[in-house]
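Reader: I should be grateful for a guided account of this structure. May we proceed from its strands to its helices, and then to individual residues?

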Amino acid sequence: MEKFKVVAVGCGHIANEWMKMALPRTDMEIVALVDIRKESANAMAERYALTCPTFTDVAEAIEQTNANVLFDLTIPASHFGVCTTALQLGCNVFSEKPMAATMEEAREMIRQMEQSGRFYSVMQNRRYDPNIRAFRNLVQSGTIGAPGYIGAEFFIGAHFDGFRAVMDSPLVLDMAIHTFDQARFISGADPVSVYCHEFNPPGSWYKGNASAVCIFEMSDGSVFCYQGSWCAEGAPTSWEASWRVTGEQGTAIWDGHKSPYAEIVSPGEQEDKFIRDYTRVESDYIWEGNLGHAGCLDEMFAALKEGRPAETDCRDNIKSIAMVLGAVESSRTGLKIDLKNYTN
């Protein structure tokens, strides 16, 4: 099979994660590197011993190399321009999260993708982990009954510099999409509404609000509650967050590190018990795919070869970005936001 010709746009920190996972692949080759600072593109080429040309202009890079796949590794504000340029020039797009800076941009990107007949999918690397797959199985297999509550806690003291340090909503806009997307993945439900309160606690080294509490109503009638902070020193959670899902017959737990488990009401007569007896259930689900970025890239390329939407296709991922942008709107207005119109 002929290799995919890939143009990588954006040669900053996150590009290194993509390069480490992409370069060992045998079904693709990097044919160009692009960055607004050409010295950054040149430095990346040298770092990974790439002999491909470097550019500062996306369209020029695509046209001169006949690329058919573009990695969009730029900052969120640049995703719309990079993605639409690539689609218009016949490239499929694999993009770093978040999909877009606004819902209007996201909807237009989907429209252009469908019009072009190309593919556009988004990196949601935290779906690609055996533990989250096992946790989803516990929740969706009926082990705990119909879910009513989904809770995620994310508390990490991340000393970022650069654009995150000066964003108005660094946690919600840059990081929370991972956890929001995980909630959709775990539950199989989509968001209906959100109320969000953002704040910047004492000791924060961020200019904007680095902490948030969000309450989402979901399409299956459950409630997803997110509590998070990017300036929480001590006792950090996993980057995957710490999870609790309660259902009709029990609770599923995943700390983001170890294997998940559930505790369900034990069989037998317990009607007269104030607190019932519970039985622990381990997940027997096995997933052997690659982890993180590599796993998501596997899915993106497999979908492209098979002519099907990827698991993180933009038409699905827009529901996760709706959770992010709806939460920001709620925080700024103090209102509960109806999300049904966000993706229409």
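Reader: In which sense do strand S8 (residues 191–199) and strand S9 (residues 211–218) pair, and over how many bridges?

Author: The model is predicted: local features need pLDDT of at least 70 and side-chain atom pairs count only at pLDDT 80 or more, while totals for chains, interfaces and linings use all residues. Residues are numbered from 1 along each chain as its sequence is written, and side-chain values use heavy atoms, with hydrogens and water left out. Helices (H or I, at least four residues) and strands (E, at least two) are DSSP runs numbered from the N terminus, and two strands pair if DSSP finds at least two bridges between them. S8 and S9 pair in the antiparallel sense, over 8 bridges.

Reader: Which residue of S9 is the bridge partner of tyrosine 195?

Author: Serine 193 stands opposite glutamate 217 in S9. The partner of tyrosine 195 in S9 is isoleucine 215.

Reader: Which glycine takes a positive phi in the hairpin of S9 and S10?

Author: S9 and S10 pair in the antiparallel sense over 7 bridges, and serine 211 has serine 229 in S10 as its bridge partner. The hairpin has 4 residues between the strands. The residue with a positive phi, near 90 degrees, is glycine 221.

Reader: Which strands stand at the edges of the sheet of 9 strands, and why is one side of each left without a neighbour?

Author: The sheet is open, has mixed pairing and runs in the order S14-S13-S12-S11-S7-S10-S9-S8-S15. Each edge strand has a single partner strand, so one side of each has no neighbour in the sheet; these strands are S14 (278–282) and S15 (337–338).

Reader: Which helices pack on this sheet?

Author: Contact here means heavy atoms within 4.5 Å, and axes are lines fitted to C-alpha atoms, for helices over the stretch in contact, with angles from 0 to 180 degrees between N-to-C directions. One helix, H6 (residues 130–140), touches S7 (147–155), S11 (242–247), S12 (250–254), S13 (261–265) and S14, and its direction makes about 175 degrees with that of S12. Another, at about 50 degrees to the direction of S8, touches S8, S9, S10 (223–229) and S15; this is H10 (residues 314–333). The helices in question are thus H6 and H10.

Reader: How are H6 and H8 oriented to each other?

Author: The axes of H6 and H8 (residues 170–187) come within 8 Å and cross at roughly 50 degrees. Ile132, Arg133, Phe135, Arg136, Val139 and Gln140 of H6 meet Gln182, Phe185, Ile186 and Ser187 of H8. Angles under 35 degrees count as roughly parallel, over 145 as roughly antiparallel, 65 to 115 as roughly perpendicular and the rest as oblique. H6 and H8 are therefore oblique.

Reader: How many nonpolar residues does the contact of H5 with H10 have?

Author: The axes of H5 (residues 103–116) and H10 come within 10 Å and cross at roughly 175 degrees, which makes the two helices roughly antiparallel. H5 contributes Met103, Ala106, Arg107, Ile110, Met113 and Glu114, and H10 contributes Cys314, Arg315, Ile318, Ile321, Ala322 and Leu325. Ala, Val, Leu, Ile, Met, Phe, Trp, Tyr, Cys and Pro count as nonpolar, Asp, Glu, Lys and Arg as charged, and the others, Gly among them, as polar. The contact has no polar residues, 3 charged residues and, as nonpolar residues, 9.

Reader: Which strands are at the edges of the sheet of 6 strands?

Author: This open sheet has parallel pairing in the order S3-S2-S1-S4-S5-S6. Within it, 4 bridges join S1 (residues 4–9) to S4 (residues 69–72), and alanine 8 is paired with phenylalanine 71 in S4. The strands that pair on one side only are S3 (54–55) and S6 (120–122).

Reader: With which side chain does that of arginine 164 make a polar contact?

Author: Arginine 164 is found in H7 (residues 163–166). A polar contact is a pair of N or O atoms within 3.5 Å; within protein, one must be able to donate a hydrogen and the other to accept it, and residues adjacent in sequence count only if both atoms are side-chain atoms. Not counting residues up to four places away in sequence, arginine 164 touches Pro170, Asp174, Tyr206 and Trp230. The polar contact, at 2.5 Å, is with the side chain of aspartate 174.

Reader: Which residue does a cis peptide bond join to lysine 97?

Author: The bond has an omega of about -10 degrees. The partner lies in the loop between S5 and H5. It is proline 98.
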